[in-house]
Amino acid sequence: MNQDQIEALEKAMNHFWNFNLSESENILLPHISKYPLFSLLYSDIAFVKSVLTETKEDYAEARNRISECKKLARGLQLSQKPLYLQQEKDEKKSGNGASSTTTPGGPGSSLYTKAEYLISKLIYAETMIMKGVIEFKAQNNIKACIALKNSWKQYYQAFEIIKDLPSTFPIYNHLVSLANYGVGIFHFLVSVVPPQYMWLIEGIGFKGNRMEGLKEIKASSDSPNGIRTVMSKIALVLLHVFFFEDYKQSEPLIDQLIKQYPQGALIHYLSGACLRKQGRIKESTQSYSIACETSSQLKQLQLFIESELGYNEFLNLNWSSAETYLAKFLSETTSSGFKAFIAYQLALCYEMQGNTDSATNTMKIIPTFVRKGFDFDEFSGRKSAKYLKQKGYREFDKSYLSASLLNEAHQFEESIKILLQSLEKRSEMTHDDIACAEYLLGSNYQLLGKKEEAKKYYLSSLSHEKQITIDYFIIPYCNVGLAEISFAEDKKSDCKNYIKKAKGYSANQYDFPSVLDWRVRKVAQLSNTDV
C-alpha cells in the first residue's frame, strides 16, 4: 500500500472505533477487492453487526464479506509463497538478510513480497476466527473447532517470523498488531480452559500460556495504529477487570480509549460494564447513556445498552424504571443473547411492584428462551421454574432478591441489614432460606474484608447442607469463599480442603458454574493446589 492508502485505512479505522460505520465503509469500499487490510476491516463491521443482531440478513452479509476477504487473503498468500520461499533461500545462500534489498518495501523487493505474504497469512487467520465464532453461535461446534485450529496454525507460523523483523519493515505496525493479538488471545484463553478438557485442547494443537498471552496482547496494543491495536487494548481491559479484578491496570486504558474515540459506542459500553463490576453504578449509568447516544447506527446495540441501563436500575431496586428498559428490549430485540435473563429480570420487576399476573406470564415464557450451556439462561430457567412451582414470591424471596442485588451493587451494609432483619423470623424460614441468607451474609462480610464474620456465616450456612432441597448453589459457593479467606490467612491446609469441596460438588445443578469454576481455579493457582 502507498501512503495515501495507509492514511485512508487509518481514517476508516478511526471512523469504525468512533462508531461511524457508514463513513468507515465508504472509505473502505473502493479498496476491498485489492487490499486485504481494507477487506478485513470491512468484514469486521459486518461481523460486529451480525453477532449483535443475529438476523439472517446480517449473518448472510457477514459470511459473504468474510468469505471474500478470506479468498483475497488466501489467494495473495499462495501467490506470494513460492517467491517468498525462493527469496529466503537465495538470501541464506548469499549470506544477506532481507534488509539488504536495494528497494526496501517497494513492489518487487523481497521485503515487499515478505510483507504481502505475512499480512495475507494473518488476515486469513482472522477470517477463520470470525468464521469459527459464527459457527459456534450456530452450534456447529465441529466446524468451529476446525476453523479455530486452522487459524491458530496460520497465526503461529506468521508470529515466529514477525517477532524477528525490524521495526522499519513494511506495514510493521499491522503485522505486529495482528500476530501478537492472535497468538496472545489463543495463549490466554487456552490457559483458562478447565483442566479436564486441556488434553483435548492441546491434542488438536493449541497451547496455553497465560502470562505469555498477556505479554503478547500488550505488545499488540503498543503497536501504533495497527489494525488490532484498539482491539488488543479492549482485550486487556476485559482481562484485567473480569479475570484479575485489577482495576488500576484497566482504568488508564479505558480513559485513553475514550479520549481517542469520544463517539465510540463500544468503548463507552465497555466502560459501563467495568464500572458496574466495581459497584460504581451511577458512573456506569453515565457511560451506558453515552454509549446509547452514540450507537444510533445500530439499533440492536442500542437495545443491548438500554437493557444494561435497565440492569443498573434493577440493581438500585428501581423496579418501574428497570421495567421500562427491559420490556422494550424484549419486545424489539432480534437477538437471542440474554433474552432469558432479561425476561427473568422483567418478571421480577413486575413481582416487586405487585403485578403478579404479568410476572407469572413472563416467567412462563422464559423456558422458550433458554439456550443449553449458557449460564445466565439456565439460571433464569431454574429460577422461573421455582417461581411458578411456588406460585409467586414469599416475603423472604423478595427480601433475598433485594439483598442479593445490593450485594452485586456493592451496597454491602444495606444488604446485611435486610438479611439480618429476615433472620429475625428464623422460625418461619425453611432450611434453604436460612442457608441462603447466611451464605449472602458471608459474601457481604468477605467483600467488606471482615473475615471472621464471613467465616461464621459461611460455616453456619453449610450446616444446613443435608436439609437443602432447592438452593444447592450455596454449598460450593460457601466453600470457595472459605478457601479464599483461608488463603488470605495463609492457612494452606484449610484452603486446599475447601478448594476440593468446592470443586468436588456436583450432586445437583447450581447457579453460575463457570463463575464458580473461575474462582476455584484462581485461588487454587494462587495457593499452588491441584484441582
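Start by selecting K391, which sits in the loop joining α18 (375-389) and α19 (395-408). As you look around, keep in mind that this is a predicted model. K391 counts as exposed, because its relative accessibility is 77%. Now add I281 to the selection: the two residues are 110 apart along the chain, and their C-alpha atoms are separated by 32 Å.

Next, go to S24 in helix α2 (residues 21-28). Is S24 buried or exposed? S24 is buried, because its relative accessibility is 0%. To see what surrounds S24, show A12, H15, F16, L41 and I45, which are its contacts once neighbours within four places in sequence are set aside.

Now select helix α4, residues 56-94. Its 39 residues should span 57 Å at 1.5 Å a residue, and the end C-alpha atoms are 55 Å apart, so the two values agree. Then zoom in on K81, where α4 bends by about 40 degrees. Colour P82 as well: this proline follows within four residues of the bend.

From there, move to helix α10, residues 229-243. This helix has 15 residues and reaches 20 Å from its first C-alpha to its last, close to the 21 Å expected at 1.5 Å a residue. How many of the residues of α10 are buried? The count is 11 of the 15, so the helix is largely enclosed by the rest of the structure. Select them to see the pattern: T229, V230, S232, K233, I234, A235, L236, V237, L239, H240 and V241. Bear in mind as you rotate the view that an α-helix has 3.6 residues a turn, so residues three or four places apart point the same way. To see what covers the buried residues of α10, show the helices α1 (3-17), α7 (172-191), α9 (210-221), α11 (247-260) and α12 (265-277), which are among the covering elements. Before leaving, step to E245, just after α10, which takes a positive phi of about 50 degrees.

For the last stop, display the cysteines. How many disulfides are there? The count comes to zero, with a disulfide taken as a pair of cysteine sulfur atoms within 2.5 Å. Select C292 and C349: the sulfur of C349 is the closest cysteine sulfur to that of C292, but at 18 Å it is too far for a bond. C292 counts as buried because its relative accessibility is 13%. Then select C478 and C436: the sulfur of C436 is the closest cysteine sulfur to that of C478, and at 9.1 Å it is too far for a bond. C478 is also buried, because its relative accessibility is 0%.

Conventions. Residues are numbered from 1 along each chain as its sequence is written. This is a predicted model: local features need pLDDT of at least 70, side-chain atom pairs count only at pLDDT 80 or more; totals for chains, interfaces and linings use all residues. Side-chain values use heavy atoms; hydrogens and water are left out. Helices (H or I, at least four residues) and strands (E, at least two) are DSSP runs, numbered from the N terminus. Buried means under 20% relative accessible area, exposed over 50%, partly exposed in between (1.4 Å probe, protein chains only). Contact means heavy atoms within 4.5 Å. The expected span of a helix is 1.5 Å times one less than its number of residues. The bend at a residue is the angle between axes fitted to the seven residues ending there and the seven starting there.
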